[in-house]
Amino acid sequence: MDDKNMDDKHNDAYKEKLHNLGEEFIYGLIDNPYECPIVIGENGTIRFISRYSQQFLGIDGKDAIGKHITEVINGTRLHEILQDGKARIGDTLYIGGRQQLISRIPIKDTAGNLLGAVGKGMLNEVTRLWDLQRKIELLDGQLEYYQKQLSQLKGGTDIIGESPPIQEVKDKSLLAAKTASNILITGESGTGKEVIAYFIHQSSPRASGPFIKVNCAAIPPDLFESELFGYESGAFTGARTEGKPGKFEMAHGGTILLDEIGELPLSMQAKLLRVLQERTVDRLGGTKTIPVDFRLIAATNRDLSELIKEDKFRIDLYFRINVFNILAPSLRQMKDDIPLIAHHLLSQLKSEISWGPSGISKEAIELLKGYAWPGNVRELRNVMEKASIISRGNMIRPEDLPEQVRHCTDAGPRTDDPPLEGNLRQILEETERKVIENVLRSVQGNKTKAAEILGMHRTSLYDKLNKIRSASNVDRNN
């Protein structure tokens, strides 16, 4: 008997076994609520659709039979199987109001001829697919985030210093870590508010969870909602095809830091208030409310009470976030800690660039302690980095420090400064002007670097400089 006759005999025996199973048995095998199959013929029209399609896919099976698959399901690619007869396993398709994991398999007769194709779900419980998909997206988003943030978190697990102001911060932070309350950290730019927030997170029961930082001053207004709450596939032009989890989702089980919260637009303040009250988020373009478990820490260098008076910050949101307040001291308030912090920063820098000086001379230390540090610790780190590059020995010396530090051109009032005049607003504006001008001088007019030291967005710095110039022109005209 030749091979062809043997194959025919085998196929006949196989068909007989299928026939013996019975029609009801075969139908029950094919149609089930766990896979919810759809079968198309060789011309792409629907030949069979699961009786569970209405429940899980939102498709009326009676109306779908006989129609081309593309008329019934938007974005389907099931008919592509008819072109090459190759199976596709593990694709995603947005159908029935959720992303679903599907397989697309060719249907062939016993002779290997293509008859059509079947598309079906791959999970035992289709209703759990959303949760699995969200967890995968969440892990992917967290991995991408941590890869970007890893270098910034190096050395940020402790609060450096031994002075009374720093000890008070440590004590308050450890006390706050024991609670689940929202925390507001205030203080001048560059005082290490992010370090305090991370210290609280690491000292809390949520330490094993994620720590997600959001710089509210660095997000364009039209991207706030998608950044904080995420979006679904096709939510807007340019959106990822697989969607993206928001920062609150990524912080699930951990802590989210909203840095520079004073820059949050009023429209987003209302939405943030709802998230804090309900502990749920809605992705852009989504239909499913997502529960989130997070601990909120907010930080700002602005006077939120003044913003409330100017109708730029919601008073109800202020009371919601300001349950536990921590004030980050300026470097001027802890001058005795400057040597310790400077050596810590120098050690960090050396571990990053693998070369440079290891110490600071006594004369340089005295200069560092005598300077007012308008940019606080952020400015000190900038000075240490520059000095490390300039220094030719193993020790940072006075000549390695910037001119404004060597000559102690501090930004704050000195004993020989004339007394400040005017009301509180005028005094604050004048002090701010001096701080900005001194920082710009320290970086040779580099506005990008100055904005970084001052802890503000570059456009905010430009706005302040324009106000300073306008005020100067008014003074000259008067």
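## Pairing and the parallel sheet

Two strands are taken to pair if DSSP finds at least two bridges between them, and with that in mind this predicted model can be described through the strands that lie side by side. Five strands form an open sheet, in which the pairing is parallel and the order is E7-E10-E13-E6-E14. The edge positions belong to strand E7 (211-215) and strand E14 (324-327), each of which has a single partner strand, so one side of each is left without a neighbour in the sheet. On average, and with direction ignored, neighbouring strands of this sheet are turned by 20 degrees against each other.

At the E7 edge, the partner is strand E10 (residues 254-259), which runs parallel to E7 and is joined to it by five bridges. One residue pair can be named here, since valine 214 has leucine 258 in E10 as its bridge partner.

## Helices lying across the sheet

Two helices can be placed against these strands. Helix H8 (residues 164-177) lies across strand E6 (183-186), strand E13 (294-300) and E14, and its direction makes an angle of about 155 degrees with that of E14. Helix H9 (residues 193-202) lies across E6, E7, E10, E13 and E14, running at about 150 degrees to E6.

## An antiparallel hairpin

In another part of the chain, strand E1 (residues 38-41) and strand E2 (residues 46-49) pair in the antiparallel sense over three bridges, and isoleucine 40 has isoleucine 46 in E2 as its bridge partner. The hairpin of E1 and E2 has four residues between the strands, and glycine 44 in this hairpin takes a positive phi near 90 degrees.

## A nonpolar patch on the surface

Ile353, Trp355, Ile389 and Ile390 make a nonpolar surface patch of about 390 Å². Of these residues, isoleucine 353 is found in helix H15, which covers residues 338-353. Is isoleucine 353 buried, partly exposed or exposed? Its relative accessibility is 33%, and because buried means under 20% and exposed means over 50%, isoleucine 353 counts as partly exposed.

## The protein as a whole

The secondary structure of the protein comes to 21 helices and 16 strands, and buried residues make up 43% of its 478 residues. Among the contacts in the protein with a separation of 6 or more, 65% are between residues 24 or more positions apart. The protein exposes about 25900 Å², and carbon and sulfur atoms supply 51% of that area.

How values were computed:
Residues are numbered from 1 along each chain as its sequence is written. This is a predicted model: local features need pLDDT of at least 70, side-chain atom pairs count only at pLDDT 80 or more; totals for chains, interfaces and linings use all residues. Side-chain values use heavy atoms; hydrogens and water are left out. Patches are made of residues with over 30% relative accessible area and no salt bridge: like charges are joined within 9 Å, nonpolar side chains (Val, Leu, Ile, Met, Phe, Trp, Tyr) within 5 Å. Accessible areas come from the Shrake-Rupley method with a 1.4 Å probe; for residues, only the protein chains shown count as cover. A salt bridge is a side-chain nitrogen of Lys or Arg within 4 Å of a carboxyl oxygen of Asp or Glu. Buried means under 20% relative accessible area, exposed over 50%, partly exposed in between (1.4 Å probe, protein chains only). Axes are lines fitted to C-alpha atoms, for helices over the stretch in contact, and angles run from 0 to 180 degrees between N-to-C directions. Contact means heavy atoms within 4.5 Å.
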